[in-house]
2 protein chains.
Amino acid sequence: MAQLPSTHRPNLLDQLSPREREILPLVAQGKDNREIGRILFISEKTAKNYVTSIRKKLGLKNRTQIALFALKEGIINLDDTLVN
Amino acid sequence: MAQLPSTHRPNLLDQLSPREREILPLVAQGKDNREIGRILFISEKTAKNYVTSIRKKLGLKNRTQIALFALKEGIINLDDTLVN
DNA sequence: GCCTTTTTGTTCATATCATGTACCAGAAGA
DNA sequence: TCTTCTGGTACATGATATGAACAAAAAGGC
């Protein structure tokens with residue numbers, strides 16, 4: 001069966017702040033902290049803090065897992081990643 | 001349209017050694033080098049080197065991009081990742 | 001077939017850079 | 001007041017760049 005934006009638990013995404021929801025797809029697309037900083041006009045350190053916060057709220061171990069999560073949730077699409 | 005194991009270029013995957021093809025899905029599932037080492041009974045350092053080699057051969061910047069690539073190629077499936 | 005050379009694959013190491021962890025704190029706004 | 005956004009310090013862990021030893025396989029000439 002197809003994977004739907006997995007019909008939500010308590011809804012993890014609602015725990016994220018607006019800014020965190022902006023950061024999430026960028027991490028999930030494989031961008032590093034410096035790139036994220038440049039895109040959003042914030043320092044690399046601030047980007048880093050957001051990523052940590054996102055990871056903790058979602059209960060994930062690293063950025064790759066953030067990407068897998070975002071794909072499962074339908075937050076990003078493989079076609080948007082320009083990888084490959 | 002559905003995503004097919006994108007009908008291949010010169011075929012990047014053929015450039016990978018057998019061992020590298022074993023490492024690839026583990027990276028793509030969000031496992032770190034220590035976990036990969038434990039799974040394959042090699043040192044963390046060796047796992048690390050394989051990941052670097054894979055990344056360079058595929059022309060990618062980091063492990064998150066490796067995961068996105070593996071998903072696009074159909075090497076791994078989101079359902080196998082146990083993330084979330 | 002036999003010998004040498006080259007290439008490939010697997011393994012581990014050191015050094016440096018990126019990411020993650022654990023905080024803190026000021027500014028702005030609801 | 002409380003949350004959010006921002007940037008910071010300090011340290012730990014993970015990832016990347018590079019090198020190198022070793023064995024096996026492949027390639028080629030003799």
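Of the atoms of DNA strand D within 4 Å of the protein, what percentage belongs to sugar or phosphate, and what do the rest belong to? Sugar or phosphate accounts for 66% of these atoms, and bases for the rest. The model is predicted.

## Surface near DNA strand D

DNA strand D is surrounded by 19 residues. The closest are S17(A), R19(A) and Y50(A), together with R34(B) and K48(B). By type, the surface near the strand divides into eight charged, eight polar and three nonpolar residues.

Both chains supply elements to this surface: α1 (18–28) and α3 (44–58) of chain A, and α2 (33–40) and α3 (44–58) of chain B, each give at least two residues.

## Polar approaches to the strand

Two side chains approach phosphate oxygens of DNA strand D. In R55(B), a side-chain N or O atom is 2.7 Å from a phosphate oxygen; in Y50(A), a polar side-chain atom lies 2.9 Å from a phosphate oxygen. K48(B) approaches a base: a polar atom of its side chain lies 3.5 Å from a base oxygen of the strand.

## Interface of chains A and B

In the protein–protein interface, 26 residues of chain A are in contact with 26 residues of chain B. The two chains bury about 2,100 Å² between them, with 58% of that area on carbon and sulfur atoms.

Two salt bridges cross the interface. One of them joins K61(B) to E35(A), with the closest N and O atoms 3.7 Å apart. Nine residue pairs are in polar contact across the interface, both residues having pLDDT 80 or more. On the side of chain B that touches chain A, α1 (18–28) and α4 (63–73) of chain B are the elements giving two or more residues. The largest share, nine residues, comes from α4(B). This side of chain B comprises 10 nonpolar, nine polar and seven charged residues.

Methods. Residues numbered from 1 in each chain as written. Chains lettered and ligands numbered in written order. Predicted model: local features only at pLDDT ≥ 70, side-chain atom pairs only at ≥ 80, totals over all residues. Heavy atoms only, no water. Near = heavy atom within 4 Å. Polar contact = N/O pair within 3.5 Å; in protein donor to acceptor, adjacent residues only side chain to side chain. Helix = DSSP H or I, 4+ residues; strand = E, 2+ residues; numbered from the N terminus. Nonpolar A, V, L, I, M, F, W, Y, C, P; charged D, E, K, R; others polar. Contact = heavy atoms within 4.5 Å. Buried area = accessible area lost by both parts, 1.4 Å probe. Salt bridge = Lys/Arg side-chain N within 4 Å of Asp/Glu carboxyl O.
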